[in-house]
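User: Please take a close look at one part of this model. I would like the main pocket described, and then one loop residue away from the general overview.

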Amino acid sequence: MAEGLFRQKGHSAAALLILLLASFFQFHQAARDYRFLPDEAFFMTFAREAAVKGAWLLPGPLDKPPLSIYVSALSMVFVAVSADADGVLQLDAHVGEFAGVLPNALLAILLTALMMRLAGRVYGGAWAAVFAGLLTVASPHWLAYGASAFTDMSLLFCSALALVFALTGRWSGAGLALSLAFWSKQQAVFFSVLVMMLLLAGGGRRRDWLRFGLPLVIGGAALLIWDMARPETSIFLQAAVNNAPDSWLAAPPLWAGRLASWLGLVLWLLGPPLVTGVLLLGAAFVSLRRAGTHRRMASVERALLIYCAGAIAVFAILQFNFYGRYLLLILPPLIVLAAGQLARLPEAAARGKSLRFGFAILLIASGMWSLNRGGSLGAARRANDGLDPLAAHLNAKPVATVIYDPWLGWELGYYLGPWHDKRRVHYPTPAALVAGALALDEDGDRYFIAPIDQTHEDWLAALRRAGFGVSVDYERDRFIVYRMRPPDD
C-alpha cells in the first residue's frame, strides 16, 4: 500500500518508518502490565466464553455487534487457550489480556497505512500521506484504543477502508467494508453518512449505487439474523436500555456549554492540547492562504469538514455522555484534513523543508509523549492495578464462598477466571445487602470487597448493626476485603 503512494524512494522509506513506528507504539502498549477496564473486561469475558466454552453466540447482556469480540476470541484460541491435565481448556488471565488486544493493535497499525492512503488519495502528494501517518501515531486516542479490548478499532479500520473504497470508486468494496463496520459497532451509522457523501462527490449511476447497497443490505440482514439466533435480548434493545436517557435531546440552554466541553475534548485528539491547537490553527491558516483549486479535492474537503462539524454538533445537541472514545468518529477525517493542510506548507526549498521537518519532529515528539502516558486511558488503567492478586486471594477461598461485590463487576469476573467456583452477589444498597445476607441461612464466612478509595463505611456499619462480625481479611493496592461472620442465632 505504501509503495503505491510514494514514487520517490525517500518517501517510500518514510512510509515504512512510520509503519514501523506505529508497530513499536502499539506492541509497546499491548505488552504493558495493565488490567482491563470494566468495559474491556465485559467484552473480553464474552470472547473468553467463546474461546474456552464454545459460547460463540455470545449469550448474556451484550449490547454490541460481535465482529471485534469474535476476532479477539479467535486470537485467544490461537495464543492463550491451553488444556490442563484433565483436558479442560484454560485461559491465563494475563496471556488472555495480550491475546484479546492483539487484533486491535494490528488493526491500529493497518489503520495507519489506510490513513496515509486516504490523505495521499485526497491531496495527491507524498507529504500529505507522511503527515497523515505521523498524525495518526501522535494521537493519544489511536494509541489507547488500538491495543485495547474495546470494539472501536475494528469500527475505525472497517470505516476507513470504506472511505478508501469510496474515494477510489470501488462501490461494492465500500458497501462491504461499511457492513463490516456495522458488525463492529452501531456507531458505524455516522461513517455511513460520510461514505455516502464521498460517493456523491464522485458521481455515480444507479448501477453503482446498487453495487454499494447490495453488500450493505446483505451484511445488515446477516447481523439481524445472528441477533435473532441468540438466546438473549437483542443487542439493539439491550443498547437502548443501557443508553436511554430521560430525553434524547439536551435542553437548548445547555448546547453552548456542551459544545465547549466537546471542543475541549477534541484538543486531545492529536496530542497534548497545545500541540493539537497549533496543528489545527496552522492547518486553518494554510487552508485560507492556499485554498485547493482542484474541484474533486475541494468537494472531498467540504465533505470531511461538514462531517466533523456535524458530528460535534450532534454530540452537543443530543444527550451523548462525555466519553473521549466517541471522538474517534471524527479522528480519521480530522487527520486527513490536517495532513492535507500541512502538506500545503510553502514549497520554497529551504523554508518548506524546514517547516515540514519541524512539524514532523513535533508529531513524533507528541507521539512519544502519548506513549509515555499510556495514551488517553493511561491514568484510568493504572487505577485497576491489583485486580489480579485480589482475584487470586478470593480464588483460594473454599468452594461456593459467598462474595458480596457492590462495585467490581465484569473486571473482577474476568480475573477470577472462566471456571471459578465462588458465588458473587451484587446488592445496590447497604439495606439490600443486609436483607440478602440475613436471608442466607449459612454459617460459613462470607466476604465483602471494595475499592479503598470508594466510600463504604455505611455498608460496614449496616452489617455490624445487623450482628455480622466484620474484620479486614485482605488489603493491597487499591482493594480491601472484609470477612463477614454471620450473627449467632
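Analyst: What follows covers the pocket, then a single loop residue.

This is a predicted model. Start with the largest pocket. It holds about 990 Å³ of space. Its lining counts 37 residues. Closest to the centre are K64, Q187, N243, R325 and Y326. Three elements give two or more residues each to this lining: α3 (38–53), α10 (188–201) and α12 (235–243). Of these, α12 gives the most, with 5 residues. By class, the lining splits into 22 nonpolar, 9 polar and 6 charged residues.

Now the loop residue, D477. It sits in the loop between β6 (469–476) and β7 (479–485). Is D477 buried, exposed or partly exposed? Its relative accessible area is 48%. Buried requires under 20% and exposed requires over 50%, so a residue between those limits is partly exposed. D477 therefore counts as partly exposed.

Next, the surroundings of D477. Leaving out residues up to four places away in sequence, D477 touches D385, G386, P389 and I452. There is also a link to a sequence neighbour: the side chains of D477 and R476 are joined by a polar contact of 3.5 Å. For a long-range reference, take L74. L74 and D477 are 403 residues apart along the chain. Their C-alpha atoms are separated by 33 Å.

Terms used. Residues numbered from 1 in each chain as written. Predicted model: local features only at pLDDT ≥ 70, side-chain atom pairs only at ≥ 80, totals over all residues. Heavy atoms only, no water. 1 Å grid on protein atoms, 1.4 Å probe; cavity = no way out; pocket = protein on both sides within 12 Å on 5 of 7 lines; lining within 4 Å. Points joined across faces, edges and corners; volume = space filled by probe spheres on them. Helix = DSSP H or I, 4+ residues; strand = E, 2+ residues; numbered from the N terminus. Nonpolar A, V, L, I, M, F, W, Y, C, P; charged D, E, K, R; others polar. Buried < 20%, exposed > 50% of the residue type's maximum accessible area, 1.4 Å probe, protein only. Contact = heavy atoms within 4.5 Å. Polar contact = N/O pair within 3.5 Å; in protein donor to acceptor, adjacent residues only side chain to side chain.
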